[in-house]
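Reader: I'm new to reading protein models. Could you walk me through this one?

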Amino acid sequence: ALRGIIHNQRPDSTWGCAALICPSCHNATGLAICARPSSAPPHALPNGWAGLDCGPYTGGGPVPADLGCVLPKSQAVIGWCYAGIAATAVALVAGLVYATALHSAAAAQPRTGLLNTRGPARLEISP
């Protein structure tokens, strides 16, 4: 999942751009975000796509060089994704080391008293 976010945050990605949003809204029916104009203030992220100029992106022709991105890409998000991947890898390695150490410690312990050497257990019921 984090690799997908990293891919979406690359400058050449169409994620968050009219080049991807417009065809999706054009081909789908009933998506409220596609029919709703954005009511967000100018400094905030849009919360509706009805105001997008989708003409160049839904005509079936080649996608324009300007992807019409309305959601900003972030190097900080990419950095945090790589940090999450690294933390997951460290946790995996630590878990494997811990499990190996527990297994080795258990194998080194004598097994006296743990095994039933008299055969199967029997349940005797007194009258």
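Author: Here are some questions and answers about the inside and the surface. This is a predicted model, where local features need pLDDT of at least 70, side-chain atom pairs count only at pLDDT 80 or more, and totals for chains, interfaces and linings use all residues. Residues are numbered from 1 along each chain as its sequence is written, and side-chain values use heavy atoms, with hydrogens and water left out.

Reader: Is Gln9 buried or exposed?

Author: Buried means under 20% relative accessible area, exposed over 50%, and partly exposed in between (1.4 Å probe, protein chains only). Gln9 has 7% relative accessibility, so it counts as buried.

Reader: Which residue has its backbone nitrogen 2.6 Å from a polar atom of the Gln9 side chain?

Author: Gln9 sits in the loop between α1 (2–8) and α2 (18–27). Not counting residues up to four places away in sequence, Gln9 touches several residues (heavy atoms within 4.5 Å), among them Trp15, Pro72 and Val77. The backbone nitrogen at 2.6 Å belongs to Ser74.

Reader: Which element gives the largest share of the largest nonpolar core?

Author: That core is a set of buried Ala, Val, Leu, Ile, Met, Phe, Trp, Tyr and Cys residues joined through side-chain atoms within 4.5 Å. It has 12 residues in all, including Cys22, Trp49 and Leu71. The largest share, five residues, comes from α2.

Reader: And is Ile5 buried or partly exposed?

Author: Ile5 is found in helix α1. Its relative accessibility is 35%, so Ile5 counts as partly exposed.

Methods
Helix = DSSP H or I, 4+ residues; strand = E, 2+ residues; numbered from the N terminus. Polar contact = N/O pair within 3.5 Å; in protein donor to acceptor, adjacent residues only side chain to side chain.
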